[in-house]
Amino acid sequence: MLFFRELKKVVFSVAFAIFAVALVAMPVSQDVLDFSDRKIEQPQPGQDYGVQNKEAPEVIMPAALDTLARAFCQNSYVTYPIGFYKNVKLDSAKQREMADILSALTGLSAEELLALNGQDGQGYAIGTDDGLSVQQDGGFSVTMPSDAQAGAQAGRISLKESVDYAFFKDCMERADRLVGGGSDYAPEKLARFGVVPLTYEEAAAQYERTKQTDHFTGAYARLFSDYLLVGVLSVLPVFLSVALCLRDKRARMNGLLYTRRASSARLIFTRYAAVLTAVMLPTILLFYLSNLSVWGLYPGEALDYLAPLKYALGWGLPSVMISSAVGMFFTELTDTPIAVAIQGLWWFVDINLGLTEMQGGYSLFRLSPRHNSLRHTQNFIDGFGSLAANRILFAALALLLVAATVLVYEQKRRGRLDGYGKCKRFFAGLAHRKEQSAA
Amino acid sequence: MENANASLQVWPIAKSNLRHNFAPHFLLALVLLLLTPVLFGVANLDRTASAVPLEVFVSLTGIILLTPVFQPEQNPEIEEVVQAQFVSSVPVYLIRIACSLAALTLLIGGFAAFMRSSGCAVDMGLVWGTVSNAVFLGGLGMAAAAATCNTAVSYMVPMVYYALNFAGGGKLGVFYLFSMMSGSGSAKGWLFGVGAALIAVSVLVKWLARKYR
């Protein structure tokens, strides 16, 4: 049977052996294959429950202003446009605009603020009275004011009393646009400045949501999905497809295959199904292996034993589908491994953009949806609609690409398409003409 | 006279390589470099921040330029013609490798000069570290290509290694690709040395494979 022949070709290939090693190495390196030491404990009164980011204007406004004012003084704005550090320096016109924004928030004139440029904020105490400031990673640091700073309290940069949160957000959005986007001043990221302690009630509610919605095992399967998608499933299946499609060319089997009675649609969809099966079977096995490690941690609780299967198919499969489809389409179209570069670049940009959504981000075009936590079930519940839309979109796009591959393959069979060959001959012909005219 | 003839062979081989094999890969490497300032900030960076685009992105030129050195022979028709030739294929491989290494150094050096002109604290240490990364990743790709004669696998091996650096970088010791980003980078000699050794071994494997076929 055609399907099993194609499956055998995939499974007994070097590319699959490397894929299998990476599939196991990824969860082992991230310590998510065995969760037995990571029990989700029920919170007890009087404990420390950690901190959370909250839309708390009274915390966000001074902390965000503190960071922006310091960046303004040094003309050094930190942004993460694709997840990586970018240090933006503004020209004088844009610094002037930034001074206007700060002026609207602080009541100081733009000229007074511009005079601070290049002074590292020295001479002005910026931020809260107690010297407590929030760092980028959400931690706190305490700064003891120097004599010079203490003497300059009159000129300190602080919020005007009349500033309300809506106006503040509007100003921060303008600041974000001014530095080119990707900064923590963007409205959707402002909550990062709102680091507040988690109360007992909130911690207990979080635990209940994990218990009622995830039945515990769902939380572990979700975290496992997060790691496996980012490291393996969003990018490596492309290699299996490329290897399978180039294999016929190498073995000079194309001519033979083109003349066979099997339709192009049957051939391509069977091949695609073989790649998906080869990827998903060990993946589901690993999902269960990882999830099994927590089944004994919650005696008497109602666990969801199908959670690993649901997450493997619902969360993981669409990424595998698109990665494999990109591999098949571009390899059949060009007869080159260009799909590796295309998928590799997409994966690279996506994982870096995803760093801004680590605790549950399900943007519509996110190749690898993120949820890098055993907690935050509420984010999952809130974002379930967009997550479902994302996964359906990717699955549909993948099927469209496979259908397009069928069309390309059919044209090649009829001798109307020659992959990259035509381009190569065109360039070689150009070079020859150039040589002849030189002669 | 013989020497003169031999030296004359180098240019036609290099020219043929540039025209039929090298050009698309060089263009792809160029596109990667042109994308770098779009994806990362490359203005007014200190030394550690400058290492980010160089190590994370520019290093990938090694995979693009070195991995396909044996690619023409992966086409069965070309392989048959090569087999029938009396001349050893080793000098051809060496010329191709020299072309790729020269292009690699040129591109990385050019990009580093561009960063420097944009106010970044790029020094020769960063350039050396980036070239070392590129040679190591390219060497991995060449070794995989020589061992398996499989185009997809030859790209897969360095890509998996690259991804592994994101996942568990610290555990890779002197073979960690992104050490300059964390302020270190003293072990780049290891990456360059092993990368060069992998390139040499892959040529040896191809030579042995042809000899004992």
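**Contacts and cores in a two-chain model**

Student: Happy to start with the interface: how many residues does the contact take from chain B and from chain A?
Tutor: Glad to help; keep in mind that this is a predicted model. Residues count as touching when their C-beta atoms, placed from the backbone, lie within 7 Å. On that basis the contact takes 27 residues from chain B and, from chain A, 28 residues.

Student: Which helix of chain B gives the most to the side that touches chain A?
Tutor: Start with the elements that give two or more residues to that side: helix 1 (2-39), helix 2 (47-56) and helix 7 (151-168) of chain B. By class, the side has 18 nonpolar, 8 polar and 1 charged residues. With 11 residues, the top contributor is helix 7 of chain B.

Student: Now the interior: which element gives the largest share of the largest nonpolar core?
Tutor: Good one! That core has 134 residues, and Ala15(A), Phe239(A), Leu240(A) and Met156(B) have the most contacts inside it. Its largest share is 14 residues, and they come from helix 13 (residues 307-334) of chain A.

Student: Which residues does Leu240(A) touch?
Tutor: Leave out residues up to four places away in sequence. Leu240(A) then touches Val10(A), Ala15(A), Phe16(A), Phe19(A), Val275(A), Ala278(A), Val279(A) and Ser324(A).

Student: What percentage of the residues of chain A count as buried?
Tutor: Chain A comes to 17 helices and 6 strands. A residue is buried if 20 or more other C-beta atoms lie within 10 Å of its own. Of the 439 residues of chain A, the share that counts as buried is 38%.

Methods. Residues numbered from 1 in each chain as written. Chains lettered and ligands numbered in written order. Predicted model: local features only at pLDDT ≥ 70, side-chain atom pairs only at ≥ 80, totals over all residues. Contact = placed C-beta atoms within 7 Å. Helix = DSSP H or I, 4+ residues; strand = E, 2+ residues; numbered from the N terminus. Nonpolar A, V, L, I, M, F, W, Y, C, P; charged D, E, K, R; others polar. Buried ≥ 20, exposed ≤ 12 C-beta atoms within 10 Å, placed from the backbone. Core = buried A, V, L, I, M, F, W, Y, C linked by C-beta atoms within 7 Å.
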